[in-house]
Amino acid sequence: MKLAWNAGDYAANECKRCHKVVRTRFELRTVRLARSRLCVPDVLVDVCTECDHMVSIPPQSVPQLREAGVGK
Ligand SMILES: [Zn+2]
């Protein structure tokens, strides 16, 4: 299993919008936190190549989001 993803890497994941397993690409995106409504720039996320939906956030990006959402 791969431990760290890089922008431009490809994977396969289930897209909730397409309702199927799709090819996904890792990209750096600005992620908006649902709870605090904070926008965190340059977060590595998994994006559906078919509909551009953000499929998942890899575990390696979670601390980055947590840091942005806490203590501000
Ligand atoms: Zn999709």
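# Zinc site and sheet: how the labels are earned

Q: What share of the 72 residues of the chain counts as buried?
A: The share is 29%. Buried means under 20% relative accessible area, exposed means over 50%, and partly exposed lies in between (1.4 Å probe, protein chains only). The model is predicted: local features need pLDDT of at least 70, side-chain atom pairs count only at pLDDT 80 or more, and totals for chains, interfaces and linings use all residues. Residues are numbered from 1 along each chain as its sequence is written, and side-chain values use heavy atoms, leaving out hydrogens and water.

Q: Which elements does the chain hold, and in what order do they run?
A: The chain has one helix and four strands. From the N terminus on, the order is β-β-β-β-α. Both kinds are DSSP runs, numbered from the N terminus: H or I over at least four residues for a helix, E over at least two for a strand.

Q: Why is the chain called as compact as a globular protein of its length?
A: Set the radius of gyration against the globule rule. That radius is taken over C-alpha atoms, and the rule is 2.2 Å times the number of residues to the power 0.38. The rule gives 11 Å for 72 residues; the chain has 13 Å, which is close, so the label holds. Along its principal axes the C-alpha trace spans about 35 × 25 × 15 Å.

Q: What makes β2 and β3 a pair?
A: Two strands pair if DSSP finds at least two bridges between them. β2 and β3 have eight, in the antiparallel sense. One of the partnerships is Val 31 with Val 40 in β3.

Q: How do you know that β3 and β4 pair too?
A: Two bridges join these antiparallel strands, and the cut-off is met. Asp 46 has Ser 56 in β4 as its bridge partner. Val 47 has Met 54 in β4.

Q: Why do β1 and β4 count as edges of the sheet?
A: The open sheet runs β1-β2-β3-β4, with antiparallel pairing. β1 (10–15) and β4 (54–56) each have a single partner strand, so one side of each lacks a neighbour in the sheet. Neighbouring strands are turned by 60 degrees against each other on average, direction ignored.

Q: Which strands does helix α1 touch as it packs on the sheet?
A: Helix α1 (residues 62–69) touches β2 (20–32) and β3. Contact means heavy atoms within 4.5 Å. The direction of the helix makes about 150 degrees with that of β3. Axes are lines fitted to C-alpha atoms, for helices over the stretch in contact, and angles run from 0 to 180 degrees between N-to-C directions.

Q: What makes β3 largely enclosed by the rest of the structure?
A: Seven of its 10 residues are buried, so the strand is largely enclosed.

Q: Which atoms count as donors of the zinc ion?
A: They are the SG atoms of Cys 15, Cys 18, Cys 48 and Cys 51, at 2.2 to 2.4 Å. Donors are N, O and S atoms within 2.8 Å of the metal (3.2 Å for Na, K and Ca); water is not among the atoms, so sites may look incomplete. The spacing along the chain is C-x2-C-x29-C-x2-C. Cys 15 in strand β1 and Cys 48 in strand β3 link distant parts of the chain, 33 residues apart. Cys 15 and Cys 48 are buried.

Q: Why is the site of the zinc ion called tetrahedral?
A: Its four donor atoms make angles of 106 to 112 degrees. Four donors count as tetrahedral if all angles lie between 85 and 135 degrees; four count as square planar and six as octahedral if opposite donors are over 155 degrees apart and all others between 65 and 115; anything else is irregular. The zinc site meets the tetrahedral test.

Q: How do you know that Arg 66 counts as exposed?
A: Its relative accessibility is 56%, and the cut-off for exposed is over 50%. Arg 66 is found in helix α1.

Q: What makes the phi of Arg 37 stand out?
A: Most residues other than glycine have a negative phi. Arg 37 has a positive phi near 60 degrees. Arg 37 lies in the loop between β2 and β3. It is exposed, at 64% relative accessible area.

Q: Where does Asp 42 lie, and what does it touch?
A: Asp 42 lies in strand β3. It is exposed, at 51%. Its phi is positive, near 55 degrees. Not counting residues up to four places away in sequence, Asp 42 touches Leu 28, Arg 29, Thr 30 and Gln 64.
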